[in-house]
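Dear colleague,

I am passing on the structure we spoke about, and below it you will find a short account of what came out of the analysis. Please read the account with the structure open beside it.

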Amino acid sequence: IKCGYHVIPSLYPLHLHIISSDFISPTLKNKGHWNKFTTEYLVSIDEVEKSLREKVRDGILRSVMEDDAFYELLLKRPLTCHHCGEIFPTMPKLKWHVEDC
């Protein structure tokens, strides 16, 4: 099981994602969905907590993840198997591969 927060939340309020680490799910339908859970776009609970502790100064929270452009680029990465690193042109091919990888 993987747990984490999307570095750029798509929904508010802030919410935690919990997903099986095999990533076999009918709701992972496109490259953006896949990359949100298999790249640095999904930030661990510990990392968020550490960043919050470091960035709170005088009671004012500064931006936790400062480079939005970097994280937006993560969503455009090729579809890559999280087990072996093989790249796939489509979600159906990636999903088929992941079930046996």
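A residue is called partly exposed here when its relative accessible area lies between the bounds for buried, under 20%, and exposed, over 50%. Arg-77, at 35% relative accessibility, therefore counts as partly exposed, and Glu-40, with a relative accessible area of 41%, is partly exposed as well. Please keep in mind throughout that this is a predicted model.

These two residues belong together, since Glu-40 and Arg-77 form a salt bridge in which the closest N and O atoms are 3.3 Å apart. Glu-40 sits in the loop between helix 1 (31-38) and strand 3 (42-43), while Arg-77 sits in the loop between helix 3 (68-74) and strand 6 (79-80), so the pair ties together parts that are 37 residues apart in sequence. A search of the whole structure finds 1 salt bridge.

Turning to the interior, the largest nonpolar core has 12 residues, among them Ile-19, Phe-23, Trp-34, Phe-37, Cys-81 and Met-91. Helix 1 and helix 4 (91-100) are the elements that give two or more residues to this core, and helix 4 supplies the largest share, 3 residues. A second, separate core has 9 residues, including Tyr-5, Val-7, Ile-8 and Leu-75.

As for Ile-19, leaving aside residues up to four places away in sequence, this residue touches Ile-1, Lys-2, Leu-28 and Phe-37, and both Leu-28 and Phe-37 are listed with Ile-19 in the largest nonpolar core.

With best regards

Key. Residues numbered from 1 in each chain as written. Predicted model: local features only at pLDDT ≥ 70, side-chain atom pairs only at ≥ 80, totals over all residues. Heavy atoms only, no water. Salt bridge = Lys/Arg side-chain N within 4 Å of Asp/Glu carboxyl O. Helix = DSSP H or I, 4+ residues; strand = E, 2+ residues; numbered from the N terminus. Buried < 20%, exposed > 50% of the residue type's maximum accessible area, 1.4 Å probe, protein only. Core = buried A, V, L, I, M, F, W, Y, C linked by side-chain atoms within 4.5 Å. Contact = heavy atoms within 4.5 Å.
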